[in-house]
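Welcome to a short tour of one protein model. Have a look at the structure below, and then we will walk through some of its charged side chains and a pair of helices.

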Amino acid sequence: MNNADTIADLQRRISVFPPIDCVTNLTVAPPPPLAPALVSEFETATNLRLPSFIRRLYSEVANGGFGPAYGIVPLIASGDDTILDWNSRYRSANRSEPDGPQWPDHLLHFCEGGCVTTYVLDIRTDEAPVYKVDADASNNIYDWLHLISPSVESWLADWARHPVTQDRG
């Protein structure tokens, strides 16, 4: 895939089909992209290395607020629904329930699907495969994961190029 084409397709999709706020039912503009330095600061502060496409997504398209279903989670924002907030919750659960399922550091909460559906990225590789999470599967965290796409770029490229409906953000 060509990152530049996918980035352009995403920018075009959100300009033509902006997300719809699920409370007001009005279209909303996603938050503006982040400065690349802020994305780097996030990586340093969290000790995470984001895949290159994800860095471009947040610094060239938007800081979340668009995408499949209820949308991509902001990387940095005020409030409590950022990637950092979600990953802190998972780490806190790991510490408070040491006998429970342990959330791996390489899984990044990425997109809200609604009705307790979440999409996560495996950031161990630059492709960042996308998994749908079913938290009721078992006590084994890996039973919770269902592969949706071998790469986040191809998943979002499909979404950008095949707009069926406006998504709710």
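Let us begin with Glu60, which is partly exposed at 31% relative accessibility. Please keep in mind that this is a predicted model. The side chain of Glu60 meets that of Arg56 in a salt bridge, with 2.8 Å from N to O. Arg56 is partly exposed as well, with a relative accessible area of 25%. Both residues belong to helix 3, where they sit 4 residues apart, or about one helical turn.

**Other salt bridges**

The salt bridge of Arg56 and Glu60 has company, as the count for the model comes to 6 salt bridges. One of them links Asp9 and Arg12, two residues of helix 1 that are 3 residues apart, about one turn of the helix. Asp9 is buried, with a relative accessible area of 14%, whereas Arg12 is partly exposed at 49%.

Another salt bridge pairs Asp122 with Arg124. Here Asp122 is buried, its relative accessible area being 7%, while Arg124 counts as exposed at 57%. Shared partners also play a part: salt bridges join Asp9, Arg12 and Arg161 into one network.

The three pairs we have met are set out here, with the distance between their closest N and O atoms.

| Acidic residue | Basic residue | N to O distance |
|---|---|---|
| Asp9 | Arg12 | 2.4 Å |
| Glu60 | Arg56 | 2.8 Å |
| Asp122 | Arg124 | 2.7 Å |

**Where helix 1 meets helix 3**

Two packed helices are described by the angle between their axes and the distance between the axes. How do helix 1 and helix 3 cross, and at what angle? Helix 1 spans residues 3–16 and helix 3 spans residues 52–61; their axes come within 11 Å and cross at roughly 40°. The crossing of the two is right-handed.

On the side of helix 1, the contact is made by Asn3, Ala4, Thr6, Ile7, Leu10, Gln11 and Ile14. Helix 3 contributes Ser52, Phe53, Arg56, Leu57, Glu60 and Val61. These contact residues divide into 7 nonpolar, 4 polar and 2 charged.

Notice that Arg56 and Glu60 are back on stage: both take part in the contact with helix 1, and they are also the two partners of the salt bridge within helix 3. Helix 1, for its part, holds the salt-bridged pair Asp9 and Arg12.

How values were computed. Residues numbered from 1 in each chain as written. Predicted model: local features only at pLDDT ≥ 70, side-chain atom pairs only at ≥ 80, totals over all residues. Heavy atoms only, no water. Axes fitted to C-alpha atoms, helices over the stretch in contact; angles between N-to-C directions. Left-handed = near helix turned anticlockwise from the far one by under 90°. Contact = heavy atoms within 4.5 Å. Nonpolar A, V, L, I, M, F, W, Y, C, P; charged D, E, K, R; others polar. Salt bridge = Lys/Arg side-chain N within 4 Å of Asp/Glu carboxyl O. Buried < 20%, exposed > 50% of the residue type's maximum accessible area, 1.4 Å probe, protein only.
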